[in-house]
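Here is a short report for someone meeting this structure for the first time. Take a look at the chain before reading on.

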Amino acid sequence: MILMLAEYRRGSTLEREFALLRASGSRNDLRDRLRSLLEDDRLEVVDPTEDAPGDLGGLGVTELRAPDGRLVGSVVHRAGLASDLPVAYAVAIPAATAAMEQLELAAQVAALEADVADARLQAIEAGEAERARVERNLHDGAQARIVLLK
């Protein structure tokens with residue numbers, strides 16, 4: 001009961017923490033915020049492309065799954081975290097899932113922006129090459145006509 005009361009008192013800050021977790025700009029930022037909220041200095045956020053740590057040594061793992069069931073990451077944390085801080089845990093895991101989805105989308109946007117920049121550069125280079133070719137043809141054609149007129 002005392003634990004639930006302490007969790008209830010933290011409720012007013014949990015809404016703010018949820019927003020901060022969702023707005024995390026990097027995985028390290030997310031990890032640090034989760035460590036603070038869940039009071040676990042050993043907590044790690046693992047990207048789905050990385051292998052989970054081999055020896056968990058009594059640590060728990062919570063998968064972060066998108067609404068479509070896709071794995072977007074995992075949180076490695078101290079065992080019993082969900083029962084020790086149930087309200088904070090209930091807030092942190094959906095927020096961490098949303099943050100990992102946003103980081104994934106941000107990476108995709110950055111890759112698309114890089115592709116657009118490359119395509120733009122290729123278009124500019126192709127336009128310059130074509131302009132130079134047309135200029136050369138005009139110059140060579142005019143020069144040949146001048147020679148014929150002489």
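The text below covers the overall build, the confidence, the sheet and one helix packed on it.

This is a predicted model. The protein chain holds four helices and three strands. From the N terminus, the order of elements is α-α-β-β-β-α-α.

Of its 150 residues, 25% count as buried. The accessible surface of the protein chain comes to about 9,900 Å². Carbon and sulfur atoms account for 58% of that surface. Take the contacts between residues at least 6 apart in sequence: 56% of them join residues at least 24 apart.

Confidence varies along the protein chain. The average pLDDT is 82, and 81% of the residues score at least 70. The table shows the two extremes among the elements.

| Element | Residues | Mean pLDDT |
|---|---|---|
| Helix 1, lowest | residues 2-22 | pLDDT 64 |
| Strand 3, highest | residues 71-78 | pLDDT 91 |

Now the sheet. Its three strands form an open sheet in the order 1-3-2, with antiparallel pairing. Strand 1 (44-46) and strand 2 (59-65) stand at the edges. Each has a single partner strand, so one side of each is left without a neighbour in the sheet. From one strand to the next, the twist averages 25°.

Strand 2 and strand 3 pair in the antiparallel sense over seven bridges. Which residue of strand 3 is the bridge partner of Val61? The partner is Val76.

A helix meets this sheet too. Helix 2 (residues 27-38) lies across strand 1 and strand 3. Helix 2 runs at about 140° to strand 1.

Definitions and conventions
Residues are numbered from 1 along each chain as its sequence is written. This is a predicted model: local features need pLDDT of at least 70, side-chain atom pairs count only at pLDDT 80 or more; totals for chains, interfaces and linings use all residues. Side-chain values use heavy atoms; hydrogens and water are left out. Helices (H or I, at least four residues) and strands (E, at least two) are DSSP runs, numbered from the N terminus. Buried means under 20% relative accessible area, exposed over 50%, partly exposed in between (1.4 Å probe, protein chains only). Contact means heavy atoms within 4.5 Å. Accessible areas come from the Shrake-Rupley method with a 1.4 Å probe; for residues, only the protein chains shown count as cover. pLDDT is the predictor's confidence in each residue, from 0 to 100. Two strands pair if DSSP finds at least two bridges between them. Axes are lines fitted to C-alpha atoms, for helices over the stretch in contact, and angles run from 0 to 180 degrees between N-to-C directions.
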